[in-house]
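Q: I have a structure open and would like to learn how to read its features. Could you walk me through it?

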There are 2 protein chains.
Amino acid sequence: MTTHTLVASATREHIIGFDKPFTIIGERINPTGRKKLAAEMQAGNFDTVRADVLAQVAAGAHILDVNAGVTAVNPNETEPPLMRLVLEIVQSMTDTPLCIDSSVSSALKAGLETAKGRPLVNSVTGEEEKLEAILPLVAKYNVPVVAISNDENGISEDPDVRFEVAKKIVQRAADHGIKPWDIVVDPLVMPIGAMGTAGQQVFRLVRRLREELKVNTTCGASNISFGMPNRRALTGYFLAMAASHGMTSAIMNPLHDEDMHAIFGANVLNGTDRNCKFWTNRFREMTSGPSAAAQAAGLQSSNEDIEARRKAREERRRR
Amino acid sequence: MTTHTLVASATREHIIGFDKPFTIIGERINPTGRKKLAAEMQAGNFDTVRADVLAQVAAGAHILDVNAGVTAVNPNETEPPLMRLVLEIVQSMTDTPLCIDSSVSSALKAGLETAKGRPLVNSVTGEEEKLEAILPLVAKYNVPVVAISNDENGISEDPDVRFEVAKKIVQRAADHGIKPWDIVVDPLVMPIGAMGTAGQQVFRLVRRLREELKVNTTCGASNISFGMPNRRALTGYFLAMAASHGMTSAIMNPLHDEDMHAIFGANVLNGTDRNCKFWTNRFREMTSGPSAAAQAAGLQSSNEDIEARRKAREERRRR
């Protein structure tokens, strides 16, 4: 038994699942923390949005997150029409499935009216007000939703509390007829520089969410490395490690090679890159001949048996 | 309760443990697959050995593996005296703890007579002949030992069988008074290119070995990426992922930056790099200012809360 979350545009389906390659949700179309982009979008200039669509799709994003939160001033008025407009632009350019991202319920509603297919909704939390506003929308449009494990009490530093919040959301969703496989839980990633257990918390939470609630998971991966040097490398290792514990997607920047390579590697090592085909094609130019590879391996004598079998295999292949 | 394996030279101790940074066992001093080194060592030229000692220690190896298997011809005659000689050279140069590596029991015995402190013995297997030859030596010298999970039937492709072999070795060791914390199990890493489940097998085995047998673990990490392009990156991701499931050491090349960085990252994310001090010192020059970092993060709105708390924290720090 595996859990499949179906996300779709008008013409293309994508499945998030334990037995699938890790899902890359491109985070770029989001003016939060991008002042220049916010100003452009407010002025009706969508050149950067268009460039971000093309670049992220080319880099291998499976889903594109779309956020139109350009201002904190009266977002109930400004955000819904802008969300509609941006979604129309994006889906005129690509058949990549979309993720409608807003903290404003009316903008999510406008997004659901505009997006074709089966977009992912980002997000509901465990807050009563959010549950009551968002879950009926999710049920009405029969779409999957990201569930963030915080509530009225904020973000707990205790992972068991965050698990219970996720469990509450799954239960409340069930009351609306929403199935666990349509809920993608974000267990919340803390900066490792501020909390040394942040990584271990996520690894354990992801395992529990998968085993006990049978849900797919996602995260804003770059949070983990906030304030750290060489942070892209660290984010990449985090993604690979989280994926090996069952994390099935991340909202991330597909233009960061370090993150992407870590995910490609994790897919190979988790057995979801069938026959290592994707990795082999991607890095084909970095292949060295088998004897050079054996040389470079510097293999230890305790592994002579494996080595001998491998050499025989290589030998057979070459004939 | 944690498991500590103490490895020591005459004057320096190193602990392999679940709560410790990942242990790097330098694999370079090993003529297996290094024809030039084998020829040098046979000719009594130890320049490369000396260079490998210095380079590996400088790169951060915690333990140095020493193998003197220069020839398959009459190793019972040639290997013990060469093992003595190499160990003497190495321990005259460094106080880094050593790992005596041989498939020849008489060479392990010679090594144990020569090495000061508490060297790691590499290795015993589940083969009856090995158990009877090696375990009494390990008990007599009161040293820790690497236990490789294969037996007379070779290497099983079934991880449950490999677990049972490891369990048998631990039990047989107990008969000799050897404690579980002095056994470091190598669950055997298969090439992922030949067996798509090789990664998942190791992750699950490492968790079982840690939880059920309470033993530390090691591996020849580079086996995983045999025959694959961009193999060093893949080996690095494997190391980070294995470490997140509880792998506590690897016999590896400390001169490969990709492997080492992955381990440094895994230490941060597993909470064993206290206060991220090692990572921060190592990559200090790659720090960017907090506002640039926040910009680069491209943080998603769903994480605004974390973001706001972080910014407040950064703000306090800057004052």
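Q: Let's start with strands. In which sense do E3(B) and E4(B) pair, and over how many bridges?

A: One thing before we start: this is a predicted model. The pairing between E3(B) and E4(B) is parallel, and three bridges make it up. To find the register, look for residues that face each other: B:Ile25 sits opposite B:Ile63 in E4(B).

Q: What does E3(B) have on its other pairing, with E10(B)?

A: Another parallel arrangement, with four bridges joining E3(B) to E10(B). Here B:Thr23 stands opposite B:Ser249 in E10(B).

Q: What is the strand order of the open sheet in chain B?

A: Read across the eight strands and you get E9-E8-E7-E6-E5-E4-E3-E10, with parallel pairing. The edges are strand E9 (216-217) and strand E10 (249-252) of chain B, each pairing on one side only. Further in, strand E6 (residues 120-125) and strand E7 (residues 145-148) of chain B run parallel and share four bridges. B:Thr125 is opposite B:Ile148 in that pair.

Q: Which helix packs on this sheet, and which strands does it touch?

A: That's helix H2 (residues 47-59) of chain B, which touches strand E3 (23-29) and strand E4 (63-67) of chain B. The direction of H2 makes about 160° with that of E3(B).

Q: Is E3(B) mostly covered or mostly open?

A: Mostly covered: seven of its seven residues are buried. When you look at side chains on a strand, remember that in a regular strand they alternate between the two faces of the sheet.

Q: Which residues touch the most other members of the largest nonpolar core?

A: A:Phe238 and B:Phe238, in a core of 188 residues. Leaving out residues up to four places away in sequence, B:Phe238 touches several residues, including A:Leu269 from the other chain letter, B:Val189, B:Phe203 and B:Ile224.

Q: How many disulfides are there over all chains?

A: Zero. The general idea is that a disulfide is a covalent bond between the sulfur atoms of two cysteines. Take B:Cys99: its nearest cysteine sulfur, that of B:Cys219, is 13 Å away. B:Cys99 counts as buried because its relative accessibility is 0%.

Q: Why is B:Cys276 not bonded to the closest cysteine sulfur?

A: Because that sulfur, in A:Cys219, is 17 Å from the sulfur of B:Cys276, too far for a bond. B:Cys276 has 5% relative accessibility, so this cysteine counts as buried.

Q: Last one: what domains does the assignment give for chain A?

A: Domain 1 (4-283) and domain 2 (294-319). Taken over C-alpha atoms, the centres of these two domains of chain A are 42 Å apart.

Terms used: Residues are numbered from 1 along each chain as its sequence is written. Chains are lettered from A and ligands numbered from 1 in the order in which they are written. This is a predicted model: local features need pLDDT of at least 70, side-chain atom pairs count only at pLDDT 80 or more; totals for chains, interfaces and linings use all residues. Side-chain values use heavy atoms; hydrogens and water are left out. A nonpolar core is a set of buried Ala, Val, Leu, Ile, Met, Phe, Trp, Tyr and Cys residues joined through side-chain atoms within 4.5 Å. Buried means under 20% relative accessible area, exposed over 50%, partly exposed in between (1.4 Å probe, protein chains only). Contact means heavy atoms within 4.5 Å. A disulfide is a pair of cysteine sulfur atoms within 2.5 Å. Domain bounds come from an automatic or database domain assignment. Two strands pair if DSSP finds at least two bridges between them. Helices (H or I, at least four residues) and strands (E, at least two) are DSSP runs, numbered from the N terminus. Axes are lines fitted to C-alpha atoms, for helices over the stretch in contact, and angles run from 0 to 180 degrees between N-to-C directions.
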